[in-house]
Number of protein chains: 2
Amino acid sequence: MEGGHPYVPRDLILLDYVPVSLTQSTILGVYGISSLLVVSLVWILSGRSSKIMKIDRVLMCWWVFTGLTHMILEGYFVFSPQFYKDKTMCYFAEVWKEYSKGDSRYAARDAGVVAVEGITAVLEGPASLLAAYAIATRKSYSCILQVAISLGQLYGTAVYFLTSYLEGDNFAASSEYYYAYYVFANSFWVVIPTIIIIRCWKKICVAVKVQEQKKAKVR
Amino acid sequence: MEGGHPYVPRDLILLDYVPVSLTQSTILGVYGISSLLVVSLVWILSGRSSKIMKIDRVLMCWWVFTGLTHMILEGYFVFSPQFYKDKTMCYFAEVWKEYSKGDSRYAARDAGVVAVEGITAVLEGPASLLAAYAIATRKSYSCILQVAISLGQLYGTAVYFLTSYLEGDNFAASSEYYYAYYVFANSFWVVIPTIIIIRCWKKICVAVKVQEQKKAKVR
């Protein structure tokens with residue numbers, strides 16, 4: 001390995017790089033199983049209230065899952081610039097060492113990636129948990145909050161893909177990592193926010209229309 | 001001038017750079033006067049309809065002004081990677097040669113800046129004009145559209161400032177240019193979107209509440 005690491009560009013200098021210790025299946029397995037546990041827990045707890053519709057329970061699962069991913073996983077990345085030196089087999093460092101094979105800008109600490117991840121971890125993470133709470137307690141800001149966070153996720157993903165494209169789109173260790181990590185993993189944060197925006201956008205338009213009609217009647 | 005240009009870092013290579021020809025006051029004057037003309041035109045035309053409230057007319061002025069700035073000025077930047085070579089005294093090239101003194105990442109074609117400006121020019125520009133139309137014609141999506149664009153403007157500005165901060169915040173030819181162009185000029189796109197988001201957010205929450213109450217009555 002030229003440069004002592006598997007990342008791209010090959011001449012990227014990462015002093016004291018410590019290779020990933022956990023296997024790919026362990027890293028993905030832990031994330032998959034913890035996500036499944038979180039989603040199951042939210043599904044069961046939200047099912048105790050007969051007032052919460054099924055679609056809202058699904059949304060709550062998404063918001064808690066994405067919120068914890070933003071805060072814990074992405075939060076670790078934002079505040080651990082030297083994760084690639086980690087020798088302790090810390091799970092979170094292993095995640096980012098592995099993910100960097102799909103997008104080495106993470107190991108290289110690219111400013112665009114750090115800026116987007118910073119906004120995502122610090123603002124969108126807590127806001128996502130708030131969205132789950134707002135759905136459960138039927139807050140009037142529930143829909144607009146969901147639109148706001150989803151737009152942020154879409155904007156972040158757009159900046160993420162565009163900056164890579166503008167810099168040559170060559171940051172993956174292989175095309176398998178490129179499609180599995182960079183394209184497939186991120187596609188969830190394109191498709192799901194888009195669906196949520198369309199749904200909430202329509203609901204807000206209906207609410208505004210109803211209010212306008214009510215106002216017109218009063219006149 | 002080391003490197004033959006006034007930008008920072010001083011060792012930035014800009015082959016065939018042609019210095020800015022118009023004076024600062026001409027560049028700012030043309031932008032100021034054309035903006036004033038646009039705003040006056042929107043104010044007068046929107047005043048012809050007695051149905052449009054004053055606050056909505058002010059908002060229409062903002063949306064047309066910011067939409068045209070995004071599409072024309074920022075659009076030129078996005079699709080003119082070699083503006084710094086321009087010899088024709090093209091006004092738009094002069095604008096970006098001048099603005100690059102406050103943030104040389106524009107001349108250097110920084111990927112983060114180009115990504116944000118691309119989203120702003122291509123998506124937010126036309127959407128801003130649509131927002132002005134939606135206000136004038138009292139569309140039910142008027143509020144949510146204004147929140148969406150304003151959030152995009154805030155997100156873009158956040159990425160813009162954060163990436164500069166992460167890369168050392170040293171891209172200005174002097175502290176005067178730094179404060180006048182980089183800080184002051186951009187501050188409008190922090191303050192005004194924030195005010196619009198707060199206003200529209202509240203209106204949407206009220207509309208949702210009214211609709212919920214109506215639903216509860218029907219039951």
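**Exercise 1.** Locate A:Asp86 in chain A and describe the surroundings of its side chain.

*Solution.* Begin with the position: A:Asp86 lies in the loop that links α2 (54-78) to α3 (91-99) of chain A, where helices are DSSP runs of H or I with at least four residues, numbered from the N terminus. This is a predicted model, in which local features need pLDDT of at least 70 and side-chain atom pairs count only at pLDDT 80 or more, while totals for chains, interfaces and linings use all residues. Residues are numbered from 1 along each chain as its sequence is written, chains are lettered from A and ligands numbered from 1 in the order in which they are written, and side-chain values use heavy atoms, leaving out hydrogens and water.

Next, consider charge: A:Asp86 is buried but has no salt bridge, and the nearest side chain of opposite charge, that of A:Lys97, is 4.8 Å away. Buried means under 20% relative accessible area (1.4 Å probe, protein chains only), and a salt bridge requires a side-chain nitrogen of Lys or Arg within 4 Å of a carboxyl oxygen of Asp or Glu.

Finally, the side chain of A:Asp86 reaches the backbone nitrogen of A:Cys90 at 3.2 Å, and, leaving aside residues up to four places away in sequence, A:Asp86 touches A:Val18, A:Ala93 and A:Lys97 (heavy atoms within 4.5 Å).

**Exercise 2.** Place A:Ile44 in chain A and decide whether A:Ile44 is buried or exposed.

*Solution.* A:Ile44 belongs to helix α1 (residues 24-47) of chain A. With a relative accessible area of 56%, A:Ile44 is exposed, the cut-off being over 50%.

Conventions:
Helix = DSSP H or I, 4+ residues; strand = E, 2+ residues; numbered from the N terminus. Lys, Arg positive; Asp, Glu negative; His and termini not counted. Polar contact = N/O pair within 3.5 Å; in protein donor to acceptor, adjacent residues only side chain to side chain.
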